[in-house]
Amino acid sequence: MHRLARRVGSAVPPAALLVIAMLAVTLTACGSGTSTSQQAVADFVSALNRHDVKAAAAMTDTPSAAQPVIQQLIDGLAPKNTNYQVEQVAPTGGNTGSFSLSADWDFGQGRQWKYTTDGQLTQLSIGWRVSWSPQVLAPSLAPGDTVHEVRTDAAAPKVLDRTNAPILTEQTINKVLLDPAHMPDPVASTTELANILVPVAPLITAQSLQQELADSKGKPITAVSLRDGDFAILGDRIRAVPGVVVQQGPQLIPVSGILSSPALDGVKTYWQQSRDATAGWAVLINHQNGSVSQVAGFQGPPPPDVPTTLDSPLQFAAENAVASVGTPAVLVAMQPSTGAILAVAQNNQADAQGPIAFTGQYAPGLVFDALHEAAGPAPAAPGCADNVNAGHATPNSAQGGQGEDRPVSDKKCADPGPADSARSFARQLGLGVDFTVPALTAQTGKTDPNSEITATPFGMAVAAATIGKGSIPMPMLINGKPGTADQSPTQLAQPALDRMRARMRDSVANGALSQLNQYPGVNALVGEAGNTQNPPSWLIGTRGDLAFAILVTSTDPSDNPVIVANQFLRPNQPG
């Protein structure tokens, strides 16, 4: 046997041994997957940088545990760019190694989270792999933690009136929603909720809520939004209604529950833009135990308060005034000397039609006709004869004449005609002029040749302010930031201004507006704007450094702009 064994062993030639050795090496290489520890780390980093979650997890020794953590990290940070770099890879003996990485998460606009981290490597039968731990991704990350990049804000600015009193502040709002998916009996839930809301929202009814639910096609609806004070009283009862969901969050709202103005829409947008410009950022780690750590970020100083030109007492007077009639009514008040917008109010009926104070186009009617008539014909253009002395030049002592009658030169000046004259006069009042005003989107009217002349309530207030000042004022809603105009119409001549003011003064002293004579200093005109049974009516007026325009869209003896003006002026008598 010994001899046989020796013969078998000696029967394997050296060339065969070489083939066996090469085959063994080949099999080892095929089974190792990633042949070096350096390549394993490089592949892991490459997958992270291109946000290939599955590939990055596959380069760890526990892909099933790594994949959801890597996915959450990328989703929670949502970077513009991710840049992991391999700093070092070192063997620690046998089938293990270590590595270190630098990371740069770029969120754009100069926001970056930079750090270094390290981890371990292990060699498996399929090759080198990263030993999984959340800290491989970020040093402060532990099992069960989540990471988010969030916006941060400093203390919210206030919106102020012209006396620096707050009119809008950020407050907690409780939004009450009705979710049909969790409402076994919609009729019972809407009836119960409407009954609970009667003290704070009497206009919300079971029928109105049911209609909204029907229109929503199975989606939740917002039943009401309540301030903290009201919700503190009603909250427990509201939460008990089946199908009710309450969402709480900050919102910019009026300090006074009765303040309402379409002018505030643009102010809120301006406020938000100011917050956006000063917003900070943070990377937060939400730990499994409920604590939160901030690992990166920056928060600058809070934005300044927003100073508006609104006059709170005048605004409340305007709101009460438009509420005194039952058809859509609007009042806009301005300060002629500065262009400051002092008050803008619409009643509920007008609100249902949108911000018609700034966008509603109506014929200017008899008020415009009276002003145009009072202003008289426009002066002749330079070098042209006026309308009275057509065919002859006006006397001009500067050219050596003392009233002599001289032939007109060859220059011909066409009569603009009544329509063009009216459009030109309208633009002199500010109608059809487009203003760019911070925090305000508004139209004044239309004076283009292809349509009838129209005016908005804002435009008619500009017209009243123009008569009061003598030139078109640049409207202003944010104190210190007047608007700019897209054109500069010829300024009204002083004699024309004097005649218009006299017409307005006479209307109050002896005419249709004699009941306003009880308010000293008021000059105004009133007139209808159409031939329908209940046409819109305008009233424009001035009182010292106050100009105002009133529109009532459907006029009758109980709903007209004189009633609104009387109510508006009553609390504002001098002294």
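So, is Glu-149 buried or exposed? Let me start there. In this predicted model, Glu-149 is buried, because its relative accessible area is 18% and the cut-off for buried is under 20%.

Who does it pair with? Well, Glu-149 and Arg-111 meet through their side chains in a salt bridge, 3.1 Å from N to O. Arg-111 sits in strand E3, residues 111–124, while Glu-149 is in strand E5, so this pair ties together parts that are 38 residues apart in sequence.

That one has company: the structure holds 10 salt bridges in total. Take Lys-158 and Asp-305, with their closest N and O atoms 3.8 Å apart. Here the link is between distant parts of the chain, 147 residues apart: Lys-158 is in the loop between E5 and strand E6, and Asp-305 is in the loop between E11 and strand E12. Lys-158 is partly exposed at 33% relative accessibility, and Asp-305 is partly exposed too, with a relative accessible area of 33%.

Then there's Arg-275 with Glu-170, at 3.0 Å, N to O. Arg-275 belongs to helix H9 (residues 263–277) and Glu-170 to strand E7 (residues 166–178), with their positions 105 residues apart. Arg-275 is buried at 7%, whereas Glu-170 is partly exposed at 33%. And Arg-151, Asp-153 and Asp-276 are joined into one network by salt bridges that share partners.

Okay, back to E5, which is part of a sheet. Three strands make an open, antiparallel sheet in the order E5-E10-E11. E5 (146–152) and E11 (292–298) are the edge strands, each pairing on one side only. From one strand to the next, the twist averages 25°. E10, residues 280–286, pairs with E11 over six bridges, and Val-283 stands opposite Ala-296 in E11. Lying across E5 and E10 is helix H5, residues 63–77, which runs at about 5° to E5.

Last stop, helix H16, residues 494–509. At 1.5 Å a residue, its 16 residues should span 22 Å, and the end C-alpha atoms are indeed 22 Å apart. Its buried residues are Ala-496, Leu-497, Met-500, Met-504, Ser-507 and Val-508. They cover an arc of only 115° around the axis, so they fall on the same side of H16.

Have a look at Met-504 while you're there: it counts as buried at 1% relative accessibility. Leaving out residues up to four places away in sequence, Met-504 touches several others, including Leu-371, Ile-467, Leu-525 and Ile-540. Leu-525 is 21 residues from Met-504 in sequence, yet their C-alpha atoms are 5.4 Å apart.

How values were computed:
Residues numbered from 1 in each chain as written. Predicted model: local features only at pLDDT ≥ 70, side-chain atom pairs only at ≥ 80, totals over all residues. Heavy atoms only, no water. Helix = DSSP H or I, 4+ residues; strand = E, 2+ residues; numbered from the N terminus. Expected span 1.5 Å × (residues − 1). Buried < 20%, exposed > 50% of the residue type's maximum accessible area, 1.4 Å probe, protein only. Arc of directions from axis to C-beta. Contact = heavy atoms within 4.5 Å. Pairing = 2+ DSSP bridges. Axes fitted to C-alpha atoms, helices over the stretch in contact; angles between N-to-C directions. Salt bridge = Lys/Arg side-chain N within 4 Å of Asp/Glu carboxyl O.
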